[in-house]
Amino acid sequence: MRKVAVVTDSNSGMMGNENIDGLFVIPMPFIINDRTYYENVDLTREDFFKFLEEGADVHTSQPILEDITNLWKKVLEEYDEIVHIPMSSGLSGSCETATMLAQKFDGKVRVVNNQRISVTMYRSVLDALSLIKAGKSAEEIGQILEDDKFNSSIYIMLDTLYYLKKGGRITKSAAALGSLLHIKPVLQIQGEKLDAFAKVRTLSKGKEVMLKAIESDITKRFGGSYNKEKLVFGVAHTKNYDKALELKEELLAIYPEAEVDFQPLPLSIACHIGPGTLGVACTKRLEI
C-alpha cells in the first residue's frame, strides 16, 4: 500500500503544531505595511487584529511557489503521494497555482478543489486523513472530496461594513447607509463563492437567521432530520470568542448530541470582514 500524506494551509484552521502523522501545514503569507508575515509563525492573531484596527495596509497573499514545492519535495522523501488541500478556488488563486505546480510532480501530488474554507476545510483535512487510514490512494481521496464539495454550508454575520468598504467589495455610500441603519450583513459560503445572504440589525436576529438557515440546509440539502452520524457542525469567529462560545451552546441546545468544530476564522477571511464576526457551519459526514 502506498504511503500518502496530506498537505494543507492555515486557511483550514490547522496551526501546523498538531503533531498528526502525515499532516503538513503551509502558513499563509500576509503583506502588512510592505513586510511579509506568516500566519502562526511570526504573525499571531492578536498582532494581526492590532494591525487591522490601527489601519495598517494589510493584504492577503498566496503562498510562495518555492515554499509549496520545497515542502512537497521534502514530504515525498518519506511518502509516496500527497493529497494537497488548499482553500476554495472561488476565494483564492492558491488552488489553481497548486494545480499548475503539481503537473511537474509526475502524478505524485493530487490537488483537491473541493471549495472549502475554515471549519469545513478543517473537516476535509480530517476526512482525508481517515481515508488514508482506510487505504485510499491520493487520487481516490481527491475524487471523493471533490464529489462531496457541495455538502457543506457556512453562514457568517459581520459586525461592521468598514472592512468590506476598505477592500472595495461595497461602495462607500452603501457602507455609510448600512452603518447609519446599523445593518449587520449575513454572508454565505456554499461552494466556491462568498455571497450576501441576509441583512439584520441585531446580534440575536443574526444568530436566529444563521441557525434557521442551517436547519433549512439539514432539511432540504442534507437528507432530512438531524443525525449525529451523518452531520457535523462548526462555529467560527473573528476576535469574538465569548459570543462564539454562546452560539456554540445555542447550537448544542438545538442539537444536543452534535459534534461541533470550534475555531477562529482564518486570517485570510478576517482581513476582508474584520473583527467581531460570528459564523456557523454544517457539513455532511463522509461515509468511510
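How many bridges pair strand β3 with β4, and in which sense do the two strands run? In this predicted model, β3, made of residues 29-32, pairs with β4 over four bridges, and the pairing is antiparallel. To picture one spot along this pair, look at I32, which sits opposite R35 in β4.

These two strands belong to an open sheet of three strands, and reading across the sheet gives the order β4-β3-β5, with antiparallel pairing. The edges are taken by β4 (35-38) and β5 (58-60); each has a single partner strand, so one side of each has no neighbour in the sheet. The sheet isn't flat like a board, either: on average, neighbouring strands are turned by 30 degrees against each other, if direction is ignored. A helix joins in here too. Helix α1 (residues 45-53) packs on the sheet and touches β3, β4 and β5. The direction of α1 makes about 125 degrees with that of β5.

Just before β3 comes a residue worth a stop, M28, found in the loop between β2 (23-26) and β3. Is M28 buried or exposed? The relative accessibility of M28 is 3%, and buried means under 20%, so M28 counts as buried. Which residues does M28 touch, once those up to four places away in sequence are set aside? The list is D9, S10, N11, Y37, Y38, E39, S61, P63 and S94. Two of these, Y37 and Y38, fall within β4 (35-38). As for F48, 20 residues separate it from M28 in sequence, and the C-alpha atoms of the two are 13 Å apart in space.

A second open sheet has four strands in the order β2-β1-β6-β7, and here the pairing is parallel. This time β2 and β7 (109-111) are at the edges, and because each has a single partner strand, one side of each is left without a neighbour in the sheet. Neighbouring strands of this sheet are turned by 25 degrees against each other on average, again with direction ignored. Zooming in on one pair, β6 (residues 81-85) and β7 run parallel and are joined by three bridges. One position to look for is V83, whose bridge partner in β7 is R110. This sheet has a helix packed on it as well: α3 (residues 94-102) touches β6 and β7, and its direction makes about 155 degrees with that of β7.

Next come the empty spaces. Rolling a probe the size of a water molecule over the atoms shows where such space is left. How many cavities of 30 Å³ or more does the structure hold? There are two of them. The largest has a volume of about 40 Å³, and its lining consists of D9, I26, P63, I68, H84, P86 and S94. Sorted by type, that lining has four nonpolar residues, two polar and one charged. Some names are familiar by now: D9, P63 and S94 line this cavity, and M28 touches them too.

The second largest cavity has a volume of about 30 Å³. Around it are V119, T120, R123, V232, F233, G234, D261, A281 and T283. Which elements give two or more residues to this lining? They are the helix α4 (118-133) and the strands β11 (231-238) and β13 (277-284). Here the split is four nonpolar, three polar and two charged residues.

Conventions:
Residues numbered from 1 in each chain as written. Predicted model: local features only at pLDDT ≥ 70, side-chain atom pairs only at ≥ 80, totals over all residues. Heavy atoms only, no water. Pairing = 2+ DSSP bridges. Axes fitted to C-alpha atoms, helices over the stretch in contact; angles between N-to-C directions. Contact = heavy atoms within 4.5 Å. 1 Å grid on protein atoms, 1.4 Å probe; cavity = no way out; pocket = protein on both sides within 12 Å on 5 of 7 lines; lining within 4 Å. Points joined across faces, edges and corners; volume = space filled by probe spheres on them. Nonpolar A, V, L, I, M, F, W, Y, C, P; charged D, E, K, R; others polar. Buried < 20%, exposed > 50% of the residue type's maximum accessible area, 1.4 Å probe, protein only.
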